[in-house]
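The following exercises accompany a two-chain structure. Please attempt each task before reading its solution.

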Amino acid sequence: MNSLKKLLTLLYVILFIMLCTACWDYREVDRLTIVAGIAIDKAYDDDLLLTFEVADLLGAKSDKPIKSVIMESRGETFMSAIRNILSKDNPRLYFGHTTVAILSRDIAEEGAMKVVDFLLRDGEPRLNINLFVSEEETASELFKYKPSLTELFSVELTNIMDEQKNLAKAIPVPAYKFVNAVSGEGISAVLPSLCIVDNAEGKTVKVCGTAIFKEDRLQGFISGEDTFTLSFILDEVKGGVIVAKKDSETGEKKVTLEILDSKTEIKPVYSDNKISIEINIDVKAFLNENMGGIELKGEDRRAELKKCAEEQMNVRIKELIKKVQEGYGADIFGFGNSVYKNMPKVWKEKKDEWGNIFRDLEVTVNTNIEIKHLGLLLEPIKIGD
Amino acid sequence: MKTIKDMKNKRRLRNESINSKKALNKSLEDNVNLFMEFFKDDDTVSVRYFSNREQDMIKFCIIYIDGMVDPETVNRNILQPIIQRTFPKNFYGNMDVVLEQIVIANNAEKLCNVDELVVRILRGESVLLMDKSDEAIAICTKGWKSRSITEPENEKVQRGPKEGFVEPVLVNLSMIRRRLPTPNLKFKKLVIGVQSKTDVYVCYLDNIVNKQILDELLKRLKNISYDGILSTGTLGELIEDAPYSCFDTIGSTERPDTAAALMLTGRIIVLADGSPTALTLPFLFEEYFRSNEDYYINIYFSSISRIIRILSFIITVLAPGLYVAILTFHQEMVPTPLLYSLSAAREGIPFPTILETLGLLFVFEILREAGLRITLQMGQSISILGALVLGTAAVDARIVSAPVIIVVAISGLTGMMTLKIKGASIIIRLIMVLLAGFLGLYGMVFGIMAIVFHLCTLRSFGVPYLLTLTSLKPEMVLDTAIRAPIWFLEKRIRFIAGENRGHIGEKE
């Protein structure tokens with residue numbers, strides 16, 4: 001009798017599992033339209049105009065790379081635009097593998113959180129979706145330019161952002177980091193910006209620099225070079241090259257230092273009711289190129305080069321900070337955040353007037369570049385007759 | 001339950017009626033007729049009358065079955081001495097004299113019960129009858145052809161002994177005895193099977209074995225009441241702890257060196273006549289992943305082999321399920337480029353993933369089963385057929401997608417690594433695919449939990465099935481997924497071995 005009861009119980013369990021859950025969330029992989037990237041524009045009547053780059057799997061052959069198809073949809077909100085596409089192309093858009101979302105300028109100026117909200121609230125899109133701002137007229141026009149090596153624009157863009165660890169001229173900002181910066185204390189958000197440039201064959205899309213936000217509204221753009229400097233302040237540098245110039249009798253000579261490792265510390269100093277910031281940057285690099293043939297044998301000659309490079313770095317950083325302080329007034333460096341973290345009591349007092357304090361904030365920069373070695377050549381190559 | 005008991009009682013009664021006691025009398029003719037009554041309609045039974053050339057008034061008769069005896073032995077050791085030699089003076093028709101002074105045989109016995117003698121004849125002995133005597137001599141003249149000793153097909157090794165058990169149980173016992181020449185080695189004989197009367201030998205090392213397990217085994221064996229024990233497999237099923245489980249709780253081996261090694265750990269070996277497979281018990285789950293060769297080769301290599309075997313089992317059981325679950329529920333888990341190619345490969349396939357997978361698994365099992373019992377030449381044609389039909393045609397025709405074939409092939413290939421657990425892995429694999437198809441990874445996790453719970457409840461002769469996997473004692477851990485050097489395995493495993501637990505450093 002007992003075993004019969006057990007059998008019945010098992011039968012019940014299996015039946016309930018099968019009937020009550022009934023393949024919830026079941027979807028065949030070939031029925032999905034995998035969205036690789038989204039461009040978000042504003043339509044003429046205040047609606048959202050979404051442009052999707054999806055992988056064309058129907059035309060995929062095993063020996064050819066997957067091409068992309070561009071789809072477009074309009075709606076009052078993000079979700080309604082996604083649903084409106086059903087009446088047109090009948091795809092079931094799938095955002096689980098979306099890596100790129102590009103905001104147009106006017107959307108960013110109006111407030112990026114309006115559209116970022118969906119990306120975080122919905123279950124499908126990932127939190128680490130890379131956000132961009134288009135410097136061009138619209139965001140969707142970027143999709144028109146085919147990348148040179150991969151077929152999918154969004155995949156190429158993701159690869160470019162991954163490669164920034166060797167360049168540091170753009171700072172990848174996943175959606176969650178953007179939201180953290182927007183909602184965080186004493187820090188303003190940045191996003192990488194995209195523009196169209198001429199390339200060897202036709203035009204192509206490039207990561208130009210950085211878009212500066214205050215709250216969630218776009219304030220302006222800074223160039224790629226400035227972004228490199230910004231990466232040092234934000235401690236985002238993992239690699240890249242520093243070009244140092246050195247004056248000599250025969251004119252300006254350039255050397256390239258390849259960064260091995262870099263560490264930045266932002267230290268707020270509070271004295272006499274006044275806040276000032278101290279930035280300490282520690283760079284480990286090695287000499288990778290000596291264009292001018294500068295003589296580097298000997299401790300003192302290298303110290304000279306080191307000092308020269310450090311000074312140039314200090315200047316660049318100070319210039320950028322000044323530019324941002326005066327031009328945008330947005331604390332993208334997170335100086336306020338360092339005060340909030342290190343001296344919360346002071347922050348409580350100064351919080352409300354931080355906007356003004358930031359504009360006149362005194363910043364001292366100490367860069368220390370340690371040149372580990374000189375590559376494979378100890379001395380510059382002698383130029384004979 | 002009652003009916004089964006009744007049936008057993010009836011059977012016992014019937015058995016007793018057959019075993020009615022019949023005794024021989026003084027007339028040779030009557031005695032022979034008595035035997036011929038038993039062997040009515042059996043034309044292989046030979047009856048030969050003969051007498052001594054000098055004292056021809058005493059007739060002899062020998063009864064045996066053709067093919068079961070060695071004719072040479074019968075001629076030289078029974079017929080020749082009785083016919084040619086001069087009988088001793090004290091003969092006077094005395095059977096004891098025949099037994100002691102005339103018949104030349106290492107194994108002969110005087111009996112007078114006809115039933116007993118009939119059994120002896122059936123087992124290949126010759127029965128010698130004499131006129132005016134109510135006694136008979138059963139002489140061991142067994143001699144039949146059997147397979148020569150070869151390496152077992154299923155347990156091949158690269159290094160190590162290449163002997164395998166054969167059908168005659170005494171040969172098998174001798175192979176074990178040669179490996180363990182100690183008086184502690186015991187072979188306990190039981191005769192099981194109402195019709196087959198199979199000789200079953202329980203082998204163990206008396207000073208190592210766990211007496212409780214031995215008693216339990218003997219109790220179970222004695223309780224068996226069944227027609228024919230033709231293979232130890234039947235025997236195993238009748239004495240298993242968990243016969244309804246898809247996992248075996250009794251191990252098996254065809255190698256005498258494995259059997260000897262297992263006895264040294266305290267395990268018990270059961271051999272039956274006519275079966276080249278020995279049962280080993282208690283059997284632990286982890287033994288599925290062992291090979292005797294592990295102990296004959298380099299420790300690192302054998303450890304790697306074991307880890308690969310365990311991984312293979314996990315892969316063979318889970319791979320199709322994981323594929324179904326990930327492709328139908330958890331597309332987020334797949335790396336983007338892989339998802340693109342998987343999605344592209346499935347484009348235009350008419351069946352849902354789960355049906356595709358189940359269908360292909362089914363076809364794979366058909367191929368395997370078809371190839372198993374087929375001659376070598378035919379097996380090749382099957383593999384070509386399978387490879388062609390499945391590998392290319394089905395994919396080209398867009399009936400199944402290429403990734404499913406890869407997954408099923410991997411599952412099949414890894415299944416070959418652990419052949420002993422094959423039955424269980426087929427069932428578990430199927431359950432996993434079904435769970436994955438209905439519930440995704442969530443279902444699979446519950447399926448795995450259910451299997452682990454089930455494994456935890458299993459016992460093999462009272463020893464927990466997962467004994468060595470739930471302890472941190474060195475003797476338990478060091479010989480599981482890895483095979484530690486022999487000197488680390490100082491002690492035998494508690495529960496399996498009796499009181500005497502030292503492997504090394506023990507002197508007699």
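Two residues are in contact when heavy atoms lie within 4.5 Å. The model examined here is a predicted one.

**Exercise 1. The interface**

Task: Determine how many residues of chain A and of chain B take part in the contact, and state how much area the two chains bury between them.

Solution.
1. Chain A contributes 24 residues to the contact, and chain B contributes 22 residues.
2. The size of an interface is often given as the accessible area lost when the parts come together.
3. For chain A and chain B this buried area is about 2100 Å², with 61% of it on carbon and sulfur atoms.
4. On the side of chain A, the residues that lose the most area to chain B are Val29(A), Asp30(A) and His97(A), which together account for 27% of what that side buries.

**Exercise 2. Polar links between the chains**

Task: State how many salt bridges cross the interface of chain A and chain B, and identify the partner of Glu28(A) in a salt bridge.

Solution.
1. Two salt bridges are found across the interface of chain A and chain B.
2. In a salt bridge, the nitrogen and the carboxyl oxygen must lie within 4 Å.
3. The side chain of Glu28(A) meets that of Arg346(B) at 3.3 Å, N to O, and the pair therefore satisfies the cut-off.
4. Eleven residue pairs are in polar contact across the same interface of chain A and chain B.
5. Among the elements of chain A, α1 (2-21) and β1 (32-42) each provide at least two residues of the side that touches chain B.

**Exercise 3. A nonpolar surface patch**

Task: Establish which helix supplies the largest share of the nonpolar patch, and classify Leu311(B) by its accessibility.

Solution.
1. The patch on the surface has about 560 Å² of accessible area together and consists of Ile307(B), Leu311(B), Ile314(B), Ile315(B), Ile406(B), Ile410(B) and Ile482(B).
2. Helices α10 (299-328) and α14 (402-417) of chain B each supply at least two of its residues.
3. The largest share, four residues, belongs to α10(B).
4. Leu311(B) lies in α10 of chain B, and its relative accessibility of 46% makes this residue partly exposed.

**Exercise 4. Backbone geometry**

Task: Locate the cis peptide bond between Leu281(B) and Pro282(B), and decide whether Asp41(B) is buried or exposed.

Solution.
1. Most residues other than glycine have a negative phi, and most peptide bonds are trans.
2. The bond joining Leu281(B) and Pro282(B) is cis, with omega about -5 degrees.
3. Pro282(B) lies in the loop between β10 (278-281) and α10 of chain B.
4. Asp41(B) has a positive phi, near 65 degrees, and sits in the loop between α2 (28-38) and β1 (45-51) of chain B.
5. Because its relative accessibility is 75%, Asp41(B) counts as exposed.

Definitions and conventions:
Residues are numbered from 1 along each chain as its sequence is written. Chains are lettered from A and ligands numbered from 1 in the order in which they are written. This is a predicted model: local features need pLDDT of at least 70, side-chain atom pairs count only at pLDDT 80 or more; totals for chains, interfaces and linings use all residues. Side-chain values use heavy atoms; hydrogens and water are left out. Patches are made of residues with over 30% relative accessible area and no salt bridge: like charges are joined within 9 Å, nonpolar side chains (Val, Leu, Ile, Met, Phe, Trp, Tyr) within 5 Å. Accessible areas come from the Shrake-Rupley method with a 1.4 Å probe; for residues, only the protein chains shown count as cover. Buried means under 20% relative accessible area, exposed over 50%, partly exposed in between (1.4 Å probe, protein chains only). Buried area is the accessible area (1.4 Å probe) that two parts lose on being put together, summed over both. A polar contact is a pair of N or O atoms within 3.5 Å; within protein, one must be able to donate a hydrogen and the other to accept it, and residues adjacent in sequence count only if both atoms are side-chain atoms.
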